[in-house]
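Colleague: I would like a close look at a single part of this model. Please take one strand and work outwards from there.

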Amino acid sequence: MQPFSVHPELGALRDTYPAAAELARICTSGSTQVRMAVARLWLSEGIPFAFRANPALYEYMRTWLASRLGIDPKEITVVGSARLGQALDPGRLGAPFSDASDLDLTTVSPSLFERLVTDFNAWAMDYETGTVHPANQRERYFWDENRRRGHQLIARGFMDSRLVPLRGRYALAQSIGQTMYVLREKLMATPGAPKVSKADIRAYKDWGAYARQMALSLR
């Protein structure tokens, strides 16, 4: 019987919140399989660093979010510095989670992904046909960039809600934008809750798309 073979450096990682520099070193030199393991185990599962002092609050927050988004609480997780306690971004590697940090939320829900893609496609078509117009040149620049980027993200199996303008014609995107605002305000009003600069959400169509994108980012 062949035993399980664990990558030696991954096997040495025993902390729930390993140092960002250590993860970066392992992921940079490791294989895709190593990065996928980090993405699944350390970057999506367990209690996020930001909620370590009050794990139940994390579950209550997810339940509230799920009711607003029409998905299951288990389909919601936290990534970024709120997950590990330190940033993994190359330009901010190791920067600690703080009140100035964002709360980066991720959903892995085929239904939410498809609904958000529908909103994005409706907006992109409205923009292309002149049904909706940007307010000024600066907004036009961002709309052009968001339309280009949105099509790329969909092909990779995920979508950022902020790419769709918060207008009444695109009900889901507007609802998510309002929900993110209310979430931040609720956290600010809750004793012992993490305080954040803002909250954003990214929707994945399945766990495979999530793990692949996180592994790509880790590389």
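How many of the residues of strand β2 are buried? Please also describe what surrounds the strand.

Modeller: This is a predicted model, and what follows should be read as a description of that prediction. Strand β2 covers residues 103–108, and 5 of its 6 residues are buried, so the strand counts as mostly covered.

Start with the sheet. β2 belongs to an open sheet of 4 strands, arranged in the order β1-β2-β4-β3 with mixed pairing. β1 and β3 (158–160) are at the edges; each has a single partner strand, so one side of each has no neighbour in the sheet. From one strand to the next, the twist averages 25 degrees. As background, strands of a sheet pair through backbone hydrogen bonds, in either a parallel or an antiparallel sense.

β2 pairs with strand β1 (residues 76–79) through 4 bridges, and these two strands run antiparallel. Within that pairing, Thr106 of β2 stands opposite Thr77, and Asp104 of β2 is the bridge partner of Val79. β2 also pairs with strand β4 (residues 199–204), here in the parallel sense and over 6 bridges. Leu105 has Ile201 of β4 as its bridge partner.

A helix packs on this sheet as well. Helix α7 (residues 137–155) touches β3 and β4, and its direction makes about 150 degrees with that of β3.

Now the side chains. Leu103 and Leu105 are among the residues that touch the most other members of the largest nonpolar core, which has 60 residues; Met61, Trp123 and Leu183 are the others named with them. The largest share of this core, 8 residues, is contributed by α6. In soluble globular proteins, nonpolar side chains tend to be buried together.

Leu103 is worth listing in detail. Leaving aside residues up to four places away in sequence, Leu103 touches Phe51, Met61, Val78, Ala82, Leu183, Leu187, Val196, Lys198, Ala199 and Asp200.

Leu183 and Leu187 lead on to a helix pair, since both numbers fall in helix α8 (residues 171–189). Helix α6 (residues 110–129) packs against α8 at an angle of about 115 degrees, and their axes are 7 Å apart. The two helices are therefore roughly perpendicular to each other. On the α6 side the contact is made by Leu112, Arg115, Leu116 and Asp119, and on the α8 side by Ala171, Leu172, Ala173 and Ile176. These residues divide into 6 nonpolar, no polar and 2 charged.

The other neighbouring strand, β4, leads to helix α9 (residues 207–218), where Gln213 lies. Gln213 is buried, at a relative accessible area of 9%. Apart from residues up to four places away in sequence, Gln213 touches Arg156, Phe158, Arg202 and Tyr204.

Helix α9 also takes part in covering another helix. In helix α2 (residues 20–29), the residues Ala20, Leu23, Ala24, Ile26 and Cys27 are buried. Their cover includes α9, along with α1 (8–11), α3 (32–41) and α5 (81–84).

Within helix α3 one finds Ala37, which counts as partly exposed at 23% relative accessibility. Ala37 and Ala215 are 178 residues apart along the chain, yet their C-alpha atoms are separated by 8.4 Å. Residues up to four places away in sequence aside, Ala37 touches Leu10 and Trp42.

To return to the request: β2 is mostly covered, with β1 joined to β2 in the antiparallel sense and β4 paired with β2 in the parallel sense.

Key:
Residues are numbered from 1 along each chain as its sequence is written. This is a predicted model: local features need pLDDT of at least 70, side-chain atom pairs count only at pLDDT 80 or more; totals for chains, interfaces and linings use all residues. Side-chain values use heavy atoms; hydrogens and water are left out. Axes are lines fitted to C-alpha atoms, for helices over the stretch in contact, and angles run from 0 to 180 degrees between N-to-C directions. Angles under 35 degrees count as roughly parallel, over 145 as roughly antiparallel, 65 to 115 as roughly perpendicular and the rest as oblique. Contact means heavy atoms within 4.5 Å. Ala, Val, Leu, Ile, Met, Phe, Trp, Tyr, Cys and Pro count as nonpolar, Asp, Glu, Lys and Arg as charged, and the others, Gly among them, as polar. Buried means under 20% relative accessible area, exposed over 50%, partly exposed in between (1.4 Å probe, protein chains only). Two strands pair if DSSP finds at least two bridges between them. A nonpolar core is a set of buried Ala, Val, Leu, Ile, Met, Phe, Trp, Tyr and Cys residues joined through side-chain atoms within 4.5 Å.
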